[in-house]
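The exercises below ask the reader to work from the coordinates towards a description, and each is followed by a solution that goes step by step.

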Amino acid sequence: MGNSMKLTHVRIQNFKSILDSGKFSVGELCCLVGKNEAGKTATLSALQSLRPYGEAQTTFDVDEDYPRRYATRYDERHKDGDAEVVRTWWQMSDDAHQKLVDEFGKDAVTSREFEIAKRYKQDGTSWNMPIDEAKAVAHAIELQRLNAAEKKAVDKVSTSKELIAAVDAQDTPTEKLTALKARFSEYRKSSLTLKAIDLLSELVPTFFYTSHYDRMSGQISAQQIANDKAQNDVDPGDEIFLDFLRLAGTDLDELNASPRYEQLNAKCEAASADITDQIFKYWSQNKHLEVQVQLNEGRTEDPAPFNAGAVARARVYNQLHRASVPFSERSAGFVWFFSFLVQFAMMRRETDNVIILLDEPGLTLHGKAQEDLLHYIEEELLPVHQVIYSTHSPFMVPPKRLADCRVVEDVIDYTNPMRPESKGTTVTEDVMSTDKDTLFPLQGALGYSVTQSLFVGENSLLVEGPSDILYLQAFSNELERRGRKGLDPRWTVCPAGGIDSIRPFVSLFHGNHLNVAVLSDQGQGDKSKLEKLRRSEILAADRLHTIAELLDQAEADIEDIMHPDFFCAIINQTYDLKGEHQLDAAKLAAAEATPRQVKQAEAHFRVLPEEIPEYSHYRPADWLIRNSTVLDGDATEVTETLEKAEKVIAVYNAMLS
């Protein structure tokens, strides 16, 4: 993305369904995941309104945009008479930072971060700039190299307005003092903040927004569009068609006035071919399509307004069927993809300095085509632009970039089950949301990713669930850091979901010449299942092991690799257990009569107060992978844990030798 401004954080408040989204971070890619009506569109709309691409600055309307259930309490809720809607945090580019340093001095620029916000009743936006005014004024004074008398005239000033007043107070200000005053008087309203804004404004990206509803019209009448433009009422689909004509090197006036249709047709054919080539670099659904735009005169029997004057029509030609159909009769997904590329290409002609907001992109695309679109975003857009998009489709969730996903959720408080209360839309970086419908796209994306990895993973190690993967990764990383053998990277570790799922998993990919091995938990009642699985001979005997078998226990889970003291320490840190609720090895062992530590932990949590969440297999594993430094050192609980992990890992590494 080069030397450009970066949007780093966003917070939306008091807008549509959003009372307070919370402050959430934004990277090069940000995927907003949430179910229908969760508030994804409201989030993007509020953000776009801050600096809309190609549009005049918009304003918010209290009657239309403020959360309806609190509309009558607006003045009560906002004592200053105004409510903030959107606040954004930005990181300056090197060029932007240098502009401020050149103007105000290095010491006066206190940070590379600045903020832009927008409220209901203010004009435009407000900026919070990292400028120390006193140091900026001192820098300007120093540059003038004043003599002692001149210095005395301004020695107590710390703001631009104080400096101007001090110079004005002189009967006959010197040339240097006059120049000093002029420096600050030339600033808009003599304000350093406004000067900083003026220096940076053109460097800060605008927001280019498009939704899945934005699709190019199949045909346009030049006469009708001319009338619509005169009334400033052009249909969005027609506007995209006009963008296409501009890409082709022509425009509405030439379409209306020029008698040279051959020349115009040639331009449109060239633009069609260019956009079509871009599509089929990523469109895997049908490689035999071709977009054609033709210009001709309206025929009298065609429906108005396409029965007179110049008419431009888009058609899609199928090379296999040797037939074409009107553009609007092709799949909505293909039409959207073509329309987006037209808008994007037109925008790129004017500027690269935009952040792209996509509202449910590719909603009408087949799952594989959505994957194609995701590849397009990652390969064509991200090298130049930050991209923020919303989705509820598993195929639009980037499985290798889950850290870039943000969960958008309409939070409901069920404290009073008779009167549940909406807390409004929140945006959180915790992708393990409590709402199963919100989680579905993430689960689906992970499941699809796992399935695909099995197709291409020559060596697939099936484990119980995601927590097993995280624990194995944490132990493996630490062993390698110590110069010992971690899990061989040739293994593709996949969650199978338990013993009952292993046979369907292996059967599904039987014949793909895969080396499949299994590391399974073993609890009470699982012994017969394991014996049945071994008798099925779907896996070689030396490819199926349980944690219990490798640790020489009757029952065991992945958690039993850990020393009890170490396991308790992780749980205490994960759930912030303190005082009487803190878990130790003695409490763990006493919680339930079982050798399985994870079952003991579950039993301990069942007697804790309701405000402490239920025990989750995943959360301690997630905490460990994020805080792997707890595996440093030579404490007994750490060394014994790593020795057990090394023993388990060695069994599977031997299978690849």
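**Exercise 1.** With which residues is Ile355 in contact once its neighbours within four places in sequence are left aside, and is Ile355 buried or exposed?

*Solution.* Leaving aside the neighbours within four places in sequence, the contacts of Ile355 are Leu7, Trp90, Pro205, Thr206, Phe207, Phe208, Gln386 and Ile388. The next step is to place the residue, and Ile355 belongs to strand E13, which covers residues 354-359. For one of these partners the backbone distance can be added: the C-alpha atoms of Ile355 and Phe208 are separated by 6.0 Å, although the two residues are 147 residues apart along the chain. The last step is accessibility, where the relative accessible area of Ile355 is 1%; because buried means under 20%, Ile355 counts as buried.

**Exercise 2.** Before reading further detail, establish how much confidence this predicted model carries and describe its overall make-up.

*Solution.* The model is predicted, and the starting point is therefore pLDDT, the predictor's confidence in each residue. The protein averages a pLDDT of 85, and 91% of the residues score at least 70. By element, confidence is highest in strand E5 (residues 84-91), at 97, and lowest in helix H16 (residues 436-456), at a mean of 59. Where pLDDT is low, the predicted coordinates should not be read in detail.

Turning to the make-up, the protein has 25 helices and 20 strands, and its C-alpha atoms fill a box of roughly 90 × 85 × 55 Å along the principal axes. Of the 657 residues, 49% are buried. Among the contacts with a separation of 6 or more, 70% are between residues 24 or more positions apart.

**Exercise 3.** Describe how helix H17 packs with helix H24, giving the distance and angle between their axes, the handedness of the crossing and the residues that meet.

*Solution.* Two packed helices are described by the angle between their axes and the distance between the axes. For H17 (residues 466-481) and H24 (residues 618-626), the axes come within 9 Å and cross at roughly 25°. Angles under 35 degrees count as roughly parallel, and H17 and H24 are therefore roughly parallel to each other. The crossing in which H17 passes H24 is left-handed. On the side of H17, the residues in contact are Pro466, Ser467, Leu470, Tyr471, Gln473, Ala474 and Phe475, and they meet Tyr618, Pro620, Ala621, Asp622, Leu624 and Ile625 in H24. Sorted by class, this contact has ten nonpolar, two polar and one charged residues.

**Exercise 4.** Carry out the corresponding description for helix H4 and helix H9, whose axes also cross.

*Solution.* The axes of H4 (residues 94-104) and H9 (residues 192-200) come within 10 Å and cross at roughly 140°. Only angles over 145 degrees count as roughly antiparallel, and H4 and H9 are therefore oblique to each other. Their crossing is right-handed. Ala96, Lys99, Leu100, Glu103 and Phe104 in H4 meet Leu192, Lys195, Ala196, Leu199 and Leu200 in H9. By class, the contact of H4 with H9 comprises seven nonpolar, no polar and three charged residues.

**Exercise 5.** Examine the backbone at Asn14, Lys189 and Pro305, and say where each residue lies.

*Solution.* Most residues other than glycine have a negative phi, and most peptide bonds are trans. Asn14 has a positive phi, near 55°; this residue lies in strand E1 (residues 6-15) and, at 7% relative accessibility, counts as buried. Lys189 likewise has a positive phi near 55°, but its place is the loop between helix H8 (175-185) and H9, and with a relative accessible area of 69% Lys189 is exposed. For Pro305, the peptide bond from Ala304 is cis, with omega near 5°, and the residue is located in the loop between strand E10 (289-297) and strand E11 (310-318).

**Exercise 6.** Where does Ser21 lie, and with which residues is Ser21 in contact beyond its neighbours within four places in sequence?

*Solution.* Ser21 is part of the loop between strand E2 (18-20) and strand E3 (24-25). Its relative accessible area is 2%, and Ser21 is buried. Neighbours within four places aside, the contacts of Ser21 are Arg11, Ile12, Thr425, Thr426 and Val427.

Methods:
Residues are numbered from 1 along each chain as its sequence is written. This is a predicted model: local features need pLDDT of at least 70, side-chain atom pairs count only at pLDDT 80 or more; totals for chains, interfaces and linings use all residues. Side-chain values use heavy atoms; hydrogens and water are left out. Axes are lines fitted to C-alpha atoms, for helices over the stretch in contact, and angles run from 0 to 180 degrees between N-to-C directions. Helices (H or I, at least four residues) and strands (E, at least two) are DSSP runs, numbered from the N terminus. Angles under 35 degrees count as roughly parallel, over 145 as roughly antiparallel, 65 to 115 as roughly perpendicular and the rest as oblique. A crossing is left-handed if the near helix is turned anticlockwise from the far one by less than a right angle, and right-handed if clockwise. Contact means heavy atoms within 4.5 Å. Ala, Val, Leu, Ile, Met, Phe, Trp, Tyr, Cys and Pro count as nonpolar, Asp, Glu, Lys and Arg as charged, and the others, Gly among them, as polar. pLDDT is the predictor's confidence in each residue, from 0 to 100. Buried means under 20% relative accessible area, exposed over 50%, partly exposed in between (1.4 Å probe, protein chains only).
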